[in-house]
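Visitor: Could you take me on a close look at the aromatic rings in this protein? I am in my first year, so please explain the terms as we go.

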Amino acid sequence: MSEDSLPGEFPGDRLAGTVRDAERLPEDLPAPRRLAESFRVYEVDAATDEGVKYYGDPVVDSDTILQRIGPLFRQRGYRVALREEMGEHVLVAQQRSVGVDGVPWTNVLLAAATLLSTLFAGSRWYGLDVLGDPASIIQAWPFAAGVLGILAIHESGHYVLSRYHRVEASLPYFIPLPFNVIGTLGAVIRMNDNIPDRRALFDIGVAGPLAGLVATVVVTAVGVTLPPVQVAGGVVTQVELGFPPLIQGIAVLVGEPLQYSDPTTIVNPVVIAGWVGAFVTFLNLLPVGQLDGAHVVRSLVGERFGSVQLVVPVALFGLAGYLVAFERGQGAFLWGFWGVLALVFSRAGAVTPFDETPLGPGRSAVGVLTLLLGVLCFVPVPIVVSV
């Protein structure tokens, strides 16, 4: 009998806990007595659909419990969470899997829906009559390819670094936004796992924005070299985009304009795909909740992140107020809405890694640079729709 696998009632150690229904504790899981300095186990349920449950009493606060015992489970191939059930504290251990099991139909269907929604959005920028000629929607493929390419590369950055650090992560979930001039709300991956240390949290968090920024620069540079399009009416003639410094800088370097004197002439929609990439990157780098910026800043400043996070909704509401006072309210609703979202996101809390060893100077410099690049993606009034 090994130290970490005790069947039945764990002979000789009643305080270590009993196994409910005489189910055997998996041999690769730690015995209850191994957790005693942080969590005193009095019962274990090894036969649940959610995983193995250790019922007990916390000895220290919840974050400290996970930091102490989390690595013990992780090295055995499990992730662990602490929660309350019917007034009892319970540690839930679930087996980790960093691979993809079967066909991810939800991801595939959402990607297909987002392809359709971005094609439709692109058709409006190209001035195509999709209602009269549904097949013409295919002509909007450059815009759709630009948007989806940026989002896919962004999320692939997260996914690849998640696999590198052996953190369980899903494939990207694309989010369609039908009947809109953008066509999507972006994409996300789901990390249902414990993060081993601040380096892993930083690498996973920063990889998406950096990869997405590279893709945004490439798409924008290609777009400004393509000919502008004529749009003789429609919704897009009532839409005015504010181009952030990143997009403006690329246009200057290439020597191409972003605006034309003729109101029916607009930049090639591939440039607008780059605009979408820049806008999504800025929003993702807001240091709040589970956004990429939160992972980066949490890795940089550690537990002081809570104070940083409080500033975000205040800044967004302040920006909305400024726009109401001095810019006729243009863009105020957008930032006020994101201020509310920031409050909601902050309630979810930030990711707490097991190991709080600070980042080295190299990663810290990359983190600061990434945040500065995110600022270049900001414009106070990103979009205005005239009625």
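Visitor: To get my bearings, how many helices and strands does the protein chain have? And then, which aromatic rings form pairs in helix H6?

Guide: Happy to help! This is a predicted model, where local features need pLDDT of at least 70 and side-chain atom pairs count only at pLDDT 80 or more, while totals for chains, interfaces and linings use all residues. Residues are numbered from 1 along each chain as its sequence is written, and side-chain values use heavy atoms, with hydrogens and water left out.

The protein chain has 10 helices and 11 strands. Both are DSSP runs numbered from the N terminus: helices are H or I with at least four residues, and strands are E with at least two. Buried residues make up 48% of the chain's 387 residues; buried means under 20% relative accessible area, exposed over 50%, and partly exposed in between, using a 1.4 Å probe and protein chains only.

Now to the rings. A pair of aromatic rings is described by the distance of the centres and the angle of the planes. Rings of Phe, Tyr and Trp (its six-membered ring) pair if their centres lie within 6.5 Å; planes under 30 degrees apart are stacked, over 60 edge-to-face, and the rest tilted. By this rule there are eight aromatic pairs. One of them joins Trp275 and Phe279, which are stacked, with 5.4 Å from centre to centre and 15 degrees between the planes. Look along helix H6 (residues 269-284) to find these two: Trp275 and Phe279 are four residues apart there, so about one helical turn separates them. Both Trp275 and Phe279 are buried.

Helix H6 also holds Phe282, whose partner Trp335 sits in helix H9 (residues 332-348), so this pair ties together parts that are 53 residues apart in sequence. The ring centres of Phe282 and Trp335 are 5.9 Å apart and the planes meet at 85 degrees, which means the pair is edge-to-face. Phe282 and Trp335 are both buried too. With Phe378, these two residues form one aromatic cluster.

That link across the sequence has company in the wider chain. Taking contacts (heavy atoms within 4.5 Å) between residues at least 6 apart in sequence, 68% join residues at least 24 apart. To finish with the whole view, the C-alpha trace spans about 85 × 45 × 40 Å along its principal axes.
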